[in-house]
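Please keep the model open in your viewer and follow the stops below in order, selecting each group of residues as it is named.

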Amino acid sequence: MTQALGGSDVVLRVEDLRVEFPSEDGVVHAVDGITYEVHSGRTLGIVGESGSGKTVSSLTTLGLTRRQGARVSGRILFEGQDLLTLPEERLRAIRGNEIAMIFQDPLSSLHPLYRVGAQLVEAVCAHRDVSRAKAREHAIELLDLVGIPDPARRVDAYPHEFSGGMRQRAMIAMALANEPKLLIADEPTTALDVTVQAQILALMERLQRELGMAIVFITHDLGVVAEMADEIAVMYAGRIVETASAARVFAAPEHPYTWGLLKSIPRLDAPREQELVPIPGAPPSLIRPPSGCHFHPRCPYAQPDHARVDPALASSLEGEPAADEPGHLVACLLHADVRRRLWRQLAAGDTPEQALVAVGPFQESA
Amino acid sequence: MSPEEPLVRVRNLTKHFPITRGTIFQRKVGAVRAVDGVSFEIGRGETLGIVGETGCGKSTTAKLIMRLLDASAGEIEFDGREITRLQGPALKAVRREMQMIFQDPYSSLNPRKTIGSIIGEPFAIHGLLADRGERKREVQRLMETVGLNPEHYNRYPHEFSGGQRQRIGVARALALGPKLLIADEPVSALDVSIQAQVLNLLRDLQRRLGLTLLFISHDLSVVRYMCDRIAVMRAGKIVELASNEELYGSPRDPYTRELLASVPGVRRDRRTIHG
């Protein structure tokens, strides 16, 4: 999959990334061997619940877990150079410049005692040799770009004078200050109202079109990824359990956890009578993750040997994917054919129990 | 009191918070109209939803009905009684019949109390079930009702996951057999895979126990799943109040339409340019 996708370049390639934190209770396996890539002008949606490792993996990309005593292995290739082996000052030159990040909570990401404009100027001056007056002009342009009304006046406002949506716009402006090649957005709209969220998402899409950035969009919200992502990686307990084009993940998902997520959220486009099917249990401990397939204790389709065998992320397509297709990888011990039959039943409105009966006894895969 | 009478009737309910200037000689310079003349009814056994964005007044409305805040104007009638200005023992008696489930299952449970004493606290407050054995049996019955293992009676909140904590909150709210349950954003702090557990629990309990539910949320999809009728609030006012089918099938108010159009995954104006 190193081949360019639809003619675009690989901006970021993460290979077998592992991040562990030693703790009083044992080693926390926050990220447990993930591989993905992001292409210029495209958006990878990373979906997962709290504790799935989605945030830690991107903080590590920016070197932000170094000080927390994280043990990191694998490779993070940004335009060919491995960010994990880069010395701190080289990384600092890339961070905020070529790679930018937007965090969930815009209030705690802005310094309350500095004017918004001053913080933008700082972001610009940190990476460019420009006068402060020029940087201030640029800051006003940026605020205008992200749709803040009356930017020439607002540039001198303090963060508390901004509404939640405006703060997040200011954060986006700061992230875009140096026209990054890669934008990592971690739940950027979770704290916002729906109407504001819709504006921010539209803004991100527009800016991506104009600047051609690659975006990693981290979220727990399937509706948001449906709208934003070209490719999706579903994470569970520190691993990617399924990855494919967004269209495929929604139309033909193959991992029981992905099914669980899709069936457990109320959707405006589903019949109202359709009962939600919760995923039983709770997300697992990352200190002592379940044996075998990490999802097996919550999986309605788990077979006895799934508690022993650890599934690898493998292609579920027959043959090679088309050149402009990202492929479809699934880490599941069920046979691909069984998975497809189960999803057909689930998509038709069956509960997991009904789907199991309909599909009938199935052979465990090798 | 006929069973057709609505359980809750709210007329022209208003809450203004004063804006003051000065530290010593405070003077009122204006007012935030948090709730600005709302009227609605909640039928017995019905689930009424209030949906709206931050600051629209939906939580303030709930607090006014619970009498956690005093209304600036308007009337609240509960179970045929005017309760807007009740005080003291009369208010306490009414509070037994309405209970609230809060948004954050982490901060709404005292970390130093066992689950048993948290769920049993309403009995202590109202001087009911003084016999320890009897109280424990009742608490364990409640735990079973909400799908908790009764053996976990002596555990502490930190030993439970977010979804289980929300069940504890539901069990506590059900303890006194309330007629009205107010749920303010009950799932928005929970993980996606857990939300459905709590939503289905509330739906199931409502059907089984014939509860009346006031369900407050910012999430239009969740409200559609849960509620029979829905009030859309904006800036302290109800802009539209309609049945589930009407509101989602043919929304009338422009603001309702804007809200619905903003739900991600529904807007389908995705870009088609790749690379």
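Select β1 (8–21) and β2 (27–42) of chain B: these two strands form a hairpin with five residues between them, and in this predicted model B:G22, which lies in the turn, has a positive phi of about 85 degrees. The two strands run antiparallel and are joined by twelve bridges; to find one of the paired positions, display B:F17, whose bridge partner in β2(B) is B:V32.

Now widen the selection to the sheet to which this hairpin belongs, an open one of four strands in the order β2-β1-β4-β5 (chain B), with antiparallel pairing. Because β2(B) and β5 (81–82) of chain B stand at the edges and have a single partner strand each, one side of each is left without a neighbour in the sheet. At the β5(B) end, strand β4, residues 73–78 of chain B, pairs with β5(B) in the antiparallel sense over two bridges, and B:F78 can be picked out opposite B:R81 in β5(B).

Keep these strands on display and add helix α1, residues 58–65 of chain B, which lies across β1(B), β2(B) and β4(B) and runs at about 115 degrees to β1(B). From that helix, follow the chain into the loop between α1 and β4 of chain B, where B:D70 has its place. Is B:D70 buried or exposed? It has 11 other C-beta atoms within 10 Å and is therefore exposed, the cut-off for that class being 12 or fewer. A distance drawn from the C-alpha atom of B:D70 to that of B:T14 should read 9.5 Å, although the two residues are 56 residues apart along the chain.

The next stop is another sheet of chain B, an open one of six strands in the order β6-β7-β8-β3-β9-β10, in which the pairing is mixed. Here β6 (98–101) and β10 (237–243) of chain B are the edge strands, each with a single partner strand, so one side of each is left without a neighbour in the sheet. Looking across the strands, one finds a twist that averages 20 degrees from one strand to the next. Within this sheet, select strand β7 (residues 180–184) and strand β8 (residues 212–217) of chain B, which run parallel and are joined by five bridges; B:D184 has B:I216 as its bridge partner in β8(B).

Turn next to the place where the two chains meet, with 37 residues of chain A in contact with 34 residues of chain B. On the side of chain A that touches chain B, the elements that give two or more residues are α8 (194–211), α9 (222–228) and α11 of chain A, and the largest share, seven residues, comes from α8(A). Coloured by class, this side of chain A shows 15 nonpolar, eleven polar and eleven charged residues.

For a closer view of the interface, select helix α11, residues 256–264 of chain A, together with helix α6, residues 192–209 of chain B; their axes come within 9 Å and cross at roughly 45 degrees, and the two helices are therefore oblique to each other. The crossing in which α11(A) passes α6(B) is left-handed. Show side chains where A:G260, A:L261 and A:S264 in α11(A) meet B:V192, B:S193, B:Q195 and B:A196 in α6(B); the residues of this contact comprise three nonpolar, four polar and no charged.

A helix pair inside chain A comes next: α4 (residues 116–127) and α5 (residues 132–145) of chain A pack at an angle of about 115 degrees with their axes 9 Å apart, and are therefore roughly perpendicular to each other. Their crossing is right-handed. On the α4(A) side the contact holds A:G117, A:L120, A:V121, A:V124 and A:C125, which meet A:R132, A:A135, A:R136, A:H138, A:A139 and A:L142 in α5(A); by class, these divide into seven nonpolar, two polar and two charged.

The last stop is A:A358 in helix α13, residues 352–359 of chain A. With 14 other C-beta atoms within 10 Å, A:A358 is partly exposed, and, residues up to four places away in sequence not being counted, it touches A:Q345 and A:D350. Finally, a distance drawn between the C-alpha atoms of A:A358 and A:E210, which are 148 residues apart along the chain, should read 49 Å.

Notes. Residues are numbered from 1 along each chain as its sequence is written. Chains are lettered from A and ligands numbered from 1 in the order in which they are written. This is a predicted model: local features need pLDDT of at least 70, side-chain atom pairs count only at pLDDT 80 or more; totals for chains, interfaces and linings use all residues. Two strands pair if DSSP finds at least two bridges between them. Two residues are in contact if their C-beta atoms, placed from the backbone, lie within 7 Å. Axes are lines fitted to C-alpha atoms, for helices over the stretch in contact, and angles run from 0 to 180 degrees between N-to-C directions. A residue is buried if 20 or more other C-beta atoms lie within 10 Å of its own, exposed if 12 or fewer, and partly exposed in between; C-beta atoms are placed from the backbone. Angles under 35 degrees count as roughly parallel, over 145 as roughly antiparallel, 65 to 115 as roughly perpendicular and the rest as oblique. A crossing is left-handed if the near helix is turned anticlockwise from the far one by less than a right angle, and right-handed if clockwise. Ala, Val, Leu, Ile, Met, Phe, Trp, Tyr, Cys and Pro count as nonpolar, Asp, Glu, Lys and Arg as charged, and the others, Gly among them, as polar.
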